[in-house]
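Please find below some notes on this model, set out as numbered points. They concern its overall make-up, some backbone details and the packing of its helices.

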Amino acid sequence: MTTPFSPPLYMQRYQFVIDYVQTYRPRKVIDFGCAECRLLKKLKFHRNGIQLLVGIDINSVVLVKKMHSLAPLVSDYLQPSDGPFTIELYQGSVTEREPCTRGFDLVTCVELIEHLELEKVESFSEVVFGYMAPGAVIVSTPNAEFNPLLPGLKGFRDCDHKFEWSRDEFQTWAHRVCREYGYSVQFTGVGVGEALGHRRDVGFCTQIGVFQRNFDGINWSMSNAERLEPSVYRLLYKVVYPSLCDNNIYQKTLVNEVLYEAQHLKQEWLSRLNMDSNNNAHFYGPPFMEALQHGDACEWQPVYQQDRSICVPLTRVWFSPKVRALCGSVQRLREELLAEEQVRMSADGTVLNLPADDEEEEEREEEEEEDDVKMVSGVSNSVEEDWDRDLRGY
């Protein structure tokens, strides 16, 4: 069935969740009925502070087939995120109580509830709003009042739908949930088919309820609570993304940025030297130790050559925005680098010594490249955002 909506309706639903995450920045998010992990793939690119992203579906076959599309890309290793980020996939039902699902900031149920038998909706409500009690819940479902406007549609929008609610039916259920479990709700939606001669009184094609928990002064997020191991659901996949919270990754990232900036300064100096063969600036002596205590006066310290080494003042390197973001002071930068074997420094820690011989430098870089290849082996860089296909038109 060809979708009359632009962008496609599924894309608008995903974008609604992405916009919510961008605005409210939840740290722990669950997507129920994640199926082919499409929304999870969007959120891993637009995480906006998400630290734990969990997908749950009753169909383990689909999850196993799609789970590796959630693996980190090579770029995730080359540019680790500032904060931690973990993705987990579970086989399980939204009507089952699972202790490890408690304490989340946001639960999304995108086009899920209509796949349940009507008698299971009460269990769904009790588990999600009563037992899990997240800070917020987003529920989207077809608006049955819009169906007559959809060309070629007979009956429900999907053969697996057990029911499709009108706006009154959806809102009646939502208000009852709010009364019983202490939530407030706002109604909205996506899909306004102007091209179909849309009438205002039928509402959106997809109706959405955004539920916010009423906390009465209690801390609304339980994100800091200790997380329990799954006892009902089955863990199928877990991946921890590289981040600067991992000390090994932080050290490697810092060293790479420092060496990159030092190499840039070295090449810049050599270029100027070649422009004036009579320039004797490369015989300048090393900078003073006192430079560490004079931030503004340090930037101009010259690069110079000593024997077979090009000497780059540490304070010059520190003026790189990326290095400063990683290391807040020259003193801390010096302490971090003195412990690194692959960084050659002067005895007092004020100067980085780079080999003047390019061949020696190339050998070191080849060794580092081999380590990087080992680090990211098996990681696919073919995962791309797919906003163009719509498996279900509505």
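1. In which segment is proline 7 found? The model is a predicted one, and in it proline 7 is found in the segment before α1, the helix that covers residues 9–24. The peptide bond that joins serine 6 to proline 7 is cis, with omega at about -5°.

2. As to overall make-up, the chain has 12 helices and 11 strands, and 49% of its 394 residues count as buried. Among the contacts in the chain with a separation of 6 or more, 76% are accounted for by residues that are 24 or more positions apart.

3. Two residues other than glycine deserve a look for their positive phi values, namely arginine 25, where phi is near 50°, and cysteine 37, where phi is near 65°. Arginine 25 is found in the loop between α1 and β1, the strand of residues 28–32, while cysteine 37 is found in the loop between β1 and α2, the helix of residues 38–45. Arginine 25 has a relative accessible area of 47%, and because this value lies between the limits of 20% and 50% it counts as partly exposed. Cysteine 37, by contrast, is buried, with a relative accessible area of 0%.

4. On the cysteines, the structure holds zero disulfides. Cysteine 109 is buried with a relative accessible area of 0%, and cysteine 178 is buried as well, with a relative accessible area of 9%.

5. Helix α2 has seven of its eight residues buried, and it is therefore largely enclosed by the rest of the structure. The buried residues of α2 are Arg38, Leu39, Leu40, Lys41, Lys42, Leu43 and Lys44, a list that includes lysines and an arginine beside the leucines. What covers these buried residues includes the helix α1 together with the strands β1, β2 (52–57), β3 (86–91) and β4 (106–110).

6. How are α1 and α2 placed relative to each other, in terms of angle and axis distance? They pack at an angle of about 40°, with their axes 10 Å apart, and are therefore oblique to each other. The crossing in which α1 passes α2 is right-handed. The contact is made by Tyr10, Tyr14, Val17, Ile18 and Val21 on the side of α1, and by Arg38, Leu39, Lys42 and Leu43 on the side of α2. Sorted by class, the residues of this contact are seven nonpolar, no polar and two charged.

7. Further along the chain, helix α5 (residues 121–132) packs with helix α6 (residues 167–181) at an angle of about 45°, the two axes being 11 Å apart. That angle makes α5 oblique to α6, and the crossing of the two helices is right-handed. From α5 the contact draws on Val121, Glu122, Phe124, Ser125, Glu126, Phe129 and Gly130, and from α6 on Trp173, Arg176, Val177, Glu180 and Tyr181. These residues divide into six nonpolar, two polar and four charged.

8. Helix α7 (residues 247–275) and helix α11 (residues 330–338) pack at an angle of about 105°, with their axes 11 Å apart, which makes α7 roughly perpendicular to α11. Here Tyr250, Gln251, Leu254, Val255 and Val258 in α7 meet Arg332, Leu333, Glu336 and Leu337 in α11. By class, six of the residues in this contact are nonpolar, one is polar and two are charged.

9. Finally, which residues does leucine 326 contact, leaving aside its neighbours within four places in sequence? With those neighbours left aside, leucine 326 is in contact with Leu244, Tyr250, Thr253, Leu254, Glu257 and Arg332. Of these, Tyr250, Leu254 and Arg332 also take part in the meeting of α7 with α11. Leucine 326 itself lies in helix α10 (residues 321–326), and its relative accessible area is 12%, so that it counts as buried. The C-alpha atoms of leucine 326 and tyrosine 250 are separated by 8.2 Å, although the two residues are 76 residues apart along the chain.

Conventions: Residues are numbered from 1 along each chain as its sequence is written. This is a predicted model: local features need pLDDT of at least 70, side-chain atom pairs count only at pLDDT 80 or more; totals for chains, interfaces and linings use all residues. Side-chain values use heavy atoms; hydrogens and water are left out. Axes are lines fitted to C-alpha atoms, for helices over the stretch in contact, and angles run from 0 to 180 degrees between N-to-C directions. Helices (H or I, at least four residues) and strands (E, at least two) are DSSP runs, numbered from the N terminus. Angles under 35 degrees count as roughly parallel, over 145 as roughly antiparallel, 65 to 115 as roughly perpendicular and the rest as oblique. A crossing is left-handed if the near helix is turned anticlockwise from the far one by less than a right angle, and right-handed if clockwise. Contact means heavy atoms within 4.5 Å. Ala, Val, Leu, Ile, Met, Phe, Trp, Tyr, Cys and Pro count as nonpolar, Asp, Glu, Lys and Arg as charged, and the others, Gly among them, as polar. A disulfide is a pair of cysteine sulfur atoms within 2.5 Å. Buried means under 20% relative accessible area, exposed over 50%, partly exposed in between (1.4 Å probe, protein chains only).
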